[in-house]
Amino acid sequence: MRENTISEFWSAHPCGDHLVGGASRGGRSDSEEFFTRYDTFKYRLEPHIPGCLDDLDVAGRRVLEIGLGQGAESEQLIRRGALWTGVDLTRTSVERVGARLSQRNLPREGLHCGSVLDLPFPADSFDLVFSHGVLHHVPDILAAQREIHRVLRPGGELVVMLYARWSLNYLLAIGLVRRAALAVVYPLARAGLLKPSGVVGAHVTNARRTGLRSYLRMREFIHHNTDGPDNPHSRVYDVRTVRQHFPDFSVTRAHKHFLHAPPLPVHRLPGGRVAGWHLWVHMRPKERADVPSGYEAAAVR
Ligand SMILES: C[S@@+](CC[C@H](N)C(=O)[O-])C[C@H]1O[C@@H](n2cnc3c(N)ncnc32)[C@H](O)[C@@H]1O
């Protein structure tokens, strides 16, 4: 898949913008008021994030954040004393985060438009690399982790949030409820008995394009059920797959949060630690001599 396709998607659908009346809903997405609204919304929905960031040792350390969205975590990292540099694939995100940091007088070391596949930094530039909700959208994950390993100093830390395979969302909401709903709606729509619009309509259109059976295969369906039906690429992870897809790193800690399984109303229930959608993984870079070679041949699906 071309990186342009991914960049076009995130430029057209900046993370969470539509949920808080941003530019995609005819509002403004670079105002002080927008950032306040966005952060209030985000941390009410995902209240575990500030605590997870408190656990990171960022004060006075060179931190690279990859994939910035609206910059909510960028701000949190800087407020915790990180010497922060950010990189995002899209100009949209870079401009918004630039506006946020300037409006709030927050310092930064650098802010770049670029890809995790080709980071614009010399080797060993950072003490910690943080990436929240991004790397599961990168098809060439082996190249991405290799590039992160290059810019991270020996003994540094990589902390990522990836979508969790062993989650209520993947197993029940996406795997069962949404697939079953589409299997019912699709033939009715084809027969002209239903005219679905919005998200359901978009799934019907997608299924028409690839054929319902192919579309409902989890390997295909997952792409269209995490960040909207038009999202080009998503994967889910457990610790075993993290080890396979990040062969240049050793996993030191993993924890899950955020019980989220739309359309099921599970938000306020406990159980995020067991069946949450957000898998946080902490990793240490392997020494360069210990990095496996030839793993390109390994199947990363
Ligand atoms: C789902 S958003 C997550 C944003 C933010 N970290 C958050 O959790 O709200 C994904 C972000 O990653 C960026 N992104 C996607 N692929 C990327 C890549 N290859 N390199 C750098 N950034 C990328 C997108 O432009 C988008 O801003």
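# Notebook: loops, cores and helix crossings

Started with Asn105, which counts as exposed because its relative accessibility is 70%. This is a predicted model, so I treat every value here as computed from it. Asn105 sits in the loop between α5 and β3 (110-113). I looked up its backbone too: phi is positive, about 55°, although Asn105 is not a glycine. Worth a note, since most residues other than glycine have a negative phi.

**Another positive phi.** Phe258 has a positive phi of about 75° and is not a glycine either. Buried or exposed, I wondered about Phe258? Buried: its relative accessibility is 8%, and the cut-off for buried is under 20%. Phe258 is in the loop between β6 and α12.

**Staying in that loop.** Pro263 also has its place between β6 (249-257) and α12 (272-275). I checked the peptide bond from Pro262 to Pro263 and found it cis, with omega near 15°. Most peptide bonds are trans.

**What lies across from Pro263.** I went to Ala173, whose C-alpha is 7.0 Å from that of Pro263, with their positions 90 residues apart in sequence. Ala173 belongs to helix α7. Its relative accessible area is 0%, so I put Ala173 down as buried. Leaving out residues up to four places away in sequence, I listed what Ala173 touches: Leu168, Arg178, Ala261, Pro262 and Leu264. Pro262, on that list, is also one end of the cis bond.

**α7 against α8.** Next I followed α7 (residues 168-190) to α8 (residues 198-210); their axes come within 10 Å and cross at roughly 75°. I call α7 and α8 roughly perpendicular, because angles from 65 to 115 degrees count that way. On the α7 side, the contact uses Leu182, Val185, Tyr186, Ala189 and Arg190. From α8 come Val200, His203, Val204, Ala207 and Arg208. By class I have 7 nonpolar, 1 polar and 2 charged residues in the contact of α7 with α8.

**α2 against α4.** At what angle do α2 and α4 pack? About 90°, with 10 Å between the axes, so this pair is roughly perpendicular too. Tyr38, Asp39, Lys42 and Tyr43 of α2 meet Ala72, Glu73, Glu75 and Gln76 of α4. The class split for α2 with α4 is 3 nonpolar, 1 polar and 4 charged.

**Cores.** The largest nonpolar core has 28 residues. Those with the most contacts inside this core are Leu53, Leu56, Val58, Leu77, Trp84, Phe130 and Trp280. Two or more of the core's residues come from each of α2 (32-45), α3 (48-54), α4 (72-79), α5 (91-103), β4 (126-132) and β5 (152-163). I picked out Leu53: sequence neighbours up to four places away aside, it touches Glu73, Gln76, Leu77, Arg80, Phe130 and Trp280. Apart from the largest core there is another, of 26 residues, including Leu119, Val151, Ala164 and Val281.

**Whole protein, to finish.** I count 12 helices and 7 strands. The radius of gyration is 19 Å, close to the 19 Å that the globule rule gives for 301 residues, so the protein is as compact as a globular protein of that length. The C-alpha trace spans about 60 × 50 × 40 Å along its principal axes. Of the 301 residues, 52% count as buried. Among contacts with a separation of 6 or more, 70% join residues 24 or more positions apart.

Terms used. Residues numbered from 1 in each chain as written. Predicted model: local features only at pLDDT ≥ 70, side-chain atom pairs only at ≥ 80, totals over all residues. Heavy atoms only, no water. Axes fitted to C-alpha atoms, helices over the stretch in contact; angles between N-to-C directions. Helix = DSSP H or I, 4+ residues; strand = E, 2+ residues; numbered from the N terminus. Parallel < 35°, antiparallel > 145°, perpendicular 65-115°, else oblique. Contact = heavy atoms within 4.5 Å. Nonpolar A, V, L, I, M, F, W, Y, C, P; charged D, E, K, R; others polar. Buried < 20%, exposed > 50% of the residue type's maximum accessible area, 1.4 Å probe, protein only. Core = buried A, V, L, I, M, F, W, Y, C linked by side-chain atoms within 4.5 Å. Rg over C-alpha atoms; globule rule 2.2 N^0.38 Å.
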